[in-house]
Amino acid sequence: MTQVITPLMSSETGILIGLLVPLLVGLVTPLLAVRSLWRDAAGPLGAVVTFVAALHVAGAVLAGETPRLVLLEFVEGLRFEFAVTPLGAVFGLVASGLWIAAGLFSVGYMRGNHEKHQTRFAAFYAVAVHAALAIAWSGNLLVLFVFYEILTFSTFPLVTHKESKAARDAGRLYMSILVGTSVVLLLPAVIYVWVKTGSLDFVPGGILAGHVAPEFVPWLLACFAFGTGKAALMPFHRWLPAAMVAPTPVSALLHAVAVVKAGVFTMLAVVVYVFGIDFLAESGGSDWLVWLASFTILASSFVAISKDDLKARLAYSTISQLSYIVLGAAIATSSAAQGSALHIVMHAAGKITLFFCAGAIYVRAHLTKISELDGQGREMPLVFIAFFLGALSIIGIPPLGGSWSKFYLMLGAMERDLVLVLAVLGLSSLLNIYYLLEPVQRAFFRPKTRQVEVTSQPLTVVPPVATATLSVLLFFFVDQINALAKLMAG
Amino acid sequence: MSIYALFNNLPALLVVVPLLLSPIAALIPSGRLAWVTALLGNGISVIAAMLLCSVTASGIRITYFLGNWPPPWGIEFVVDDATSLTAMVMAALAFLATLFAGRALASEIAAKDVGKAYAAWLLACGGLYGLLMTADAFNLFVFLEISALASVILIALGAGQDRRALIAAYNYLVIGAVGATFYVIGVGFIYAVTGSLNMADLAQRIPDVEAGSIIYVGFGFMVAGMLVKAAVFPVHIWLPAAYSYAPSAVSTLLAAIATKAAIYVLARIIFTVFGGVPEVTALALEWVVVPLSIAGIFVGTIMAIYERDIKKMLAFSSIAQIGYITLGIGIATGAGIAAGFIHIGNHALIKGGLFMAVGGIFLATGARVSVDSMAGIGRKMPVTATAFLICGLSLIGLPLTAGFISKLYLVRALLDNQNLLIVGLVLASSALSVVYLWKIVEVMWVRPAQVDVMEISERPALYIPLWVVAISNIWLGLDAGWLVGAAEAAAASLLGAGG
C-alpha cells in the first residue's frame with residue numbers, strides 16, 4: 001500500500017507532515033471563519049493528507065525501520081523526539097484514517113444542527129487530532145505525557161461546547177479526573193522510571209527488568225493503570241459518560257477513538273516497551289489488573305443495559321471495550337498483546353460507526369433515547385444497517401473485523417490458562433449482543449410509535465456507511481495491521 | 001574609565017546604579033521621565049546581571065571589596081553561580097515589571113506621586129540586589145531594611161484605589177520589622193561568639209565555637225527572621241494583603257522578585273554560613289523547613305481555591321509556590337536545591353505574568369478583579385486572557401511550560417531521596433492547584449459576559465512585557481537546558497561553599 005508514495009517523502013518528512021497538518025488546520029480554521037465552505041473543507045482535506053503521511057510512516061515501520069524525528073533536547077538526556085513504534089504506527093493510522101470520516105461527519109452534524117461557535121469547534125477538533133498523533137508517534141514517555149495532557153486540555157472546549165450548566169459541570173468532572181489522575185499517578189510513575197533506569201525511551205522488550213524489584217511491579221503498574229484516566233478503568237471511568245454532553249462528532253472521534261485510545265495505547269505501550277511483556281509475566285505484577293479489567297468489562301456492560309439514552313449506552317459500552325485492551329496488556333503474553341493492538345483498530349472502526357449513527361439519528365430526527373427508536377428503521381434504513389454492522393463488529397462476529405481481536409485475546413487467555421477470563425469474554429459478548437442490537441431490533445421489528453419529521457442530511461449518512469464498510473473490510477484485509485501488531489508483540 | 005574598570009566593579013554596579021538613580025527619580029517632576037529613569041536603572045541591572053552570569057558560568061567566583069577594604073573589616077560582595085542566577089532572574093523580571101509599570105502605575109496613583117513611586121521602586125530593587133551580593137551578615141540587614149521600607153511605600157500607594165492598602169502596608173511594616181529584628185538578633189549572637197560578620201569567615205569559625213547552644217540560638221533567630229521575609233507558612237500573613245492591595249505594577253514587581261531574595265538569603269545562611277555545622281542545620285531543615293513548606297503548599301492552595309478576589313487568590317497561590325521552592329531547598333540534596341532554584345526562576349516568570357495580566361484586566365474594567373467580574377473576559381480581551389492562560393497553565397505545571405520543568409525536577413529530587421510520601425503530597429497539591437486556576441479559565445471563556453463588560457477592550461500598551469513573560473514560560477518549558485544547568489551549578493556552589 002505504500003510503494004506508490006515512497007519516493008515522495010522520507011519517513012521523517014512523513015512524521016513532520018502528519019503532525020504539522022492537523023496543527024495547521026487548527027491554526028488556519030479561525031482565519032477562514034468568514035468563508036465557511038473553506039473552513040469546513042480544511043478538516044477533511046487535512047485529514048486525507050495526514051492519513052497518507054500516516055500510511056507512509058506505517059509502511060516504513062513494516063519494512064523494519066523506526067522512523068525518527070528529533071526536535072530538540074528539553075534538558076540533558078531527555079529529547080523531544082518522535083520515534084514510531086509498530087504500535088504507534090497502528091494508532092497513528094486509526095486516528096488519522098477515522099479523522100477523514102469524522103471530519104466530514106462533523107461538517108454535516110454542525111451545519112445540520114445549526115450549532116454555534118463552529119469555527120472554535122473545528123479548530124480545537126484539529127488540535128486534538130494533532131495531540132493524538134503526537135501521542136501515537138511519541139519517542140519516549142515524557143513526550144507521550146506532554147501530549148497526553150495537551151489532548152486533555154484541547155478537548156475541554158469541545159466538551160463544554162454547549163456552554164450550558166450541564167456542559168460546565170461535565171467539563172469540570174472531565175478535567176478533574178483526567179488531569180488529577182495523570183498528575184498524581186502517571187507523572188510520578190514516569191519520573192520513577194526515569195530515576196530508576198535513567199531512560200524513558202520505548203525499547204522492544206522493555207527497560208525495567210533488573211531495575212525494579214518484582215514486588216514493586218504491581219504498585220508501579222497501578223500508578224500507570226490508574227494514572228492513564230483516559231483508559232477509563234474503573235473506578236476512574238466517570239468522565240467518559242459525562243463527556244457525552246459534547247456534540248456527537250466529539251463523542252465519535254475523540255471519546256470513542258482518539259482520547260480513549262490514547263489512554264489504552266499508553267497502557268499497552270508501557271507494558272510492551274517499558275515493563276516488557278516477559279518481565280511483567282515473570283513478576284506476576286499484572287495479575288490483579290486482569291481481574292480489575294474483567295470486572296470493568298462486566299460491570300460497565302450491566303450499566304450499559306440500564307441506559308436508555310443512546311449515547312450514554314455507547315459510552316458505557318466503550319468503557320467495557322477499553323478494558324478488553326487493558327486486559328490484553330495485563331494478561332502479558334504475545335498473543336494477548338497482539339489482540340489488544342488489533343482491538344484498538346477494530347473497536348475504533350466499530351464504535352465510531354455507532355456514534356455516527358447516533359449523531360445522524362439526532363440531526364435528522366432529533367431522537368436521543370433508545371425507546372424512541374421503535375419503527376424508525378424504515379425512515380433511515382442506511383443508518384440502522386450501518387449501526388447493525390458496527391455492533392456486530394464490536395460483538396466480534398465474523399465476517400467483521402472485531403472477531404480477530406477477540407480471537408487473539410482469547411488465545412492469550414488460553415495460553416495462561418485463565419479459564420475464568422474466557423468465561424468473562426464470552427459473557428461480555430452475550431451482553432453486547434443484548435444491549436447493542438436492541439436499538440436495531442426496535443428500529444426494524446417494532447411498530448412505529450411516533451411520527452417524526454426526518455430531514456435529509458447526506459453528510460451525516462455517508463460517514464457511518466463508510467466506516468461500517470471498513471469494519472467488514474478489516475476482516476478480510478487484516479494482514480498488514482496484523483503484521484504490525486505481531487511486530488509489536490515480538 | 002576603561003572598560004576593565006567597569007567590569008571589575010560589576011557587582012557594585014548592580015546595586016549602586018538603582019540606588020543612585022532613586023533620588024534622581026524623586027526629583028524629576030515628570031512622571032514619564034521618572035519612569036524612563038527607572039527603566040534605565042533596571043536596564044543597566046539586567047546587563048550587569050547578564051555579565052555576572054557569563055563570568056560565573058566560566059567557573060569564576062567573584063569577590064569584590066567595597067571601597068577596597070578587605071574583609072573581615074570591610075564589606076565584601078561575593079558572586080557565585082547561585083548569586084548570579086538569582087540576580088539574573090530578578091533583574092530580568094524587575095525590568096519587565098518596570099516596562100509594565102509605565103502605563104499601569106501612572107493610571108493607578110496620583111500624578112504628583114509618580115516620581116516618588118519610582119524612587120521607591122528603584123530603592124526596593126537596589127536593596128534586593130544588595131541582599132544577593134553582600135557577604136557581610138550585618139550589611140545584609142541594612143539592605144533588608146532598605147528594600148522593606150521602600151516596599152512599604154510602594155504597597156501604601158495602593159491606597160488611592162483601595163484604602164485597605166494602608167493596613168496592608170502597615171502590617172507589612174510591622175511584621176517585616178519583626179523578621180528583620182529576629183535576623184539581626186541572630187547575627188548579634190553569632191557575632192558575640194565568633195567576633196566576625198563576614199560570611200566566609202563565619203563559616204570557618206562557627207564549627208570551632210565551644211558554646212554550641214549559642215550557635216543554635218543564633219541560627220534559629222536568623223532563619224526565623226528570613227522565614228518571615230520569605231513568607232513561608234505560617235509567617236506569611238503579611239503577604240496576601242500586601243500583594244492584593246498594592247497597585248498592579250507593584251504587585252507584579254513584589255510577586256516576581258521580593259520573596260525570591262529572602263529565599264536566596266535563607267539558602268545562603270543554611271548552606272554557606274552554617275555549612276560547617278550540619279547537625280544544626282539538619283535539625284532546622286528536617287523539622288522546620290520541610291514540614292512548614294508542605295503545610296504552606298496545602299494551606300496556600302486551599303485558601304486560593306476558596307478565594308474570589310483574583311489578586312488575593314494569586315497571592316495565596318504564591319504561598320504555596322514558595323512552599324515548593326523551600327521544600328526543594330529543605331531536602332538539602334544537590335538535586336533538591338537545584339529544583340528550588342529552578343522554581344525561583346520559573347515562579348518569578350509565572351507570577352509576574354499572572355499579575356501583569358490581572359493588572360491589564362483591572363485597567364480595562366476599572367474595578368477590583370474578582371472571579372465573577374472576569375466572566376466573558378476571554379472574548380473581550382483575548383490577547384491578555386491568552387497570556388493569563390499560558391502563565392496559568394505554567395503555574396499548574398502543564399508539560400511544555402516552565403512550571404512543568406520545576407515539577408519534574410522537584411519530584412525527581414524527592415524520588416531520589418526516597419521521600420515517597422512527600423512526592424504524593426506535592427503531586428496532590430499540584431492537582432488541587434488546577435481547581436482554582438481552571439475556575440478562572442472557565443469563567444473567562446465559558447461563562448457569558450456581564451452586561452457592563454460589553455464596553456471593555458484590550459490594553460495594547462501592556463502587550464510587550466506581558467507576552468515576553470508568557471512566551472518565556474513556553475520557551476523555558478521547551479528548552480530548559482540553561483536554567484537547569486545554572487540551577488545545578490548554583491546548588492553545587494552552595495553545597496561546595498559549606499565544605
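Angles over 145 degrees between helix axes count as roughly antiparallel. In this predicted model, the axes of helix 1 (residues 11-28) and helix 2 (residues 36-62) of chain A cross at roughly 165 degrees. Helix 1 of chain A and helix 2 of chain A are therefore roughly antiparallel to each other. Their axes come within 8 Å. The crossing of these two helices is left-handed. Helix 1 of chain A contributes residues including Gly14(A), Gly18(A), Val21(A) and Val25(A). They meet a set in helix 2 of chain A that includes Gly43(A), Gly46(A), Val49(A) and Ala53(A). By class, the contact between helix 1 and helix 2 of chain A has 12 nonpolar and seven polar residues, with no charged residues.

Chain A as a whole comprises 18 helices and two strands. Its C-alpha trace spans about 65 × 55 × 45 Å along the principal axes. The radius of gyration of chain A is 21 Å, which agrees with the value near 23 Å for a compact globule of 490 residues. Of the 490 residues in chain A, 63% are buried. Among contacts in chain A between residues at least 6 apart in sequence, 82% link residues at least 24 apart.

Chain A also touches chain B. The contact draws 24 residues from chain A and 22 residues from chain B. On the chain B side, helix 17 (402-416), helix 18 (420-445) and helix 20 (481-497) each give two or more residues. Helix 18 of chain B gives the most, with eight residues. The side of chain B that touches chain A has 16 nonpolar, two polar and four charged residues.

Note on methods:
Residues are numbered from 1 along each chain as its sequence is written. Chains are lettered from A and ligands numbered from 1 in the order in which they are written. This is a predicted model: local features need pLDDT of at least 70, side-chain atom pairs count only at pLDDT 80 or more; totals for chains, interfaces and linings use all residues. Two residues are in contact if their C-beta atoms, placed from the backbone, lie within 7 Å. Helices (H or I, at least four residues) and strands (E, at least two) are DSSP runs, numbered from the N terminus. Ala, Val, Leu, Ile, Met, Phe, Trp, Tyr, Cys and Pro count as nonpolar, Asp, Glu, Lys and Arg as charged, and the others, Gly among them, as polar. Axes are lines fitted to C-alpha atoms, for helices over the stretch in contact, and angles run from 0 to 180 degrees between N-to-C directions. Angles under 35 degrees count as roughly parallel, over 145 as roughly antiparallel, 65 to 115 as roughly perpendicular and the rest as oblique. A crossing is left-handed if the near helix is turned anticlockwise from the far one by less than a right angle, and right-handed if clockwise. The radius of gyration is taken over C-alpha atoms; the globule rule is 2.2 Å times the number of residues to the power 0.38. A residue is buried if 20 or more other C-beta atoms lie within 10 Å of its own, exposed if 12 or fewer, and partly exposed in between; C-beta atoms are placed from the backbone.
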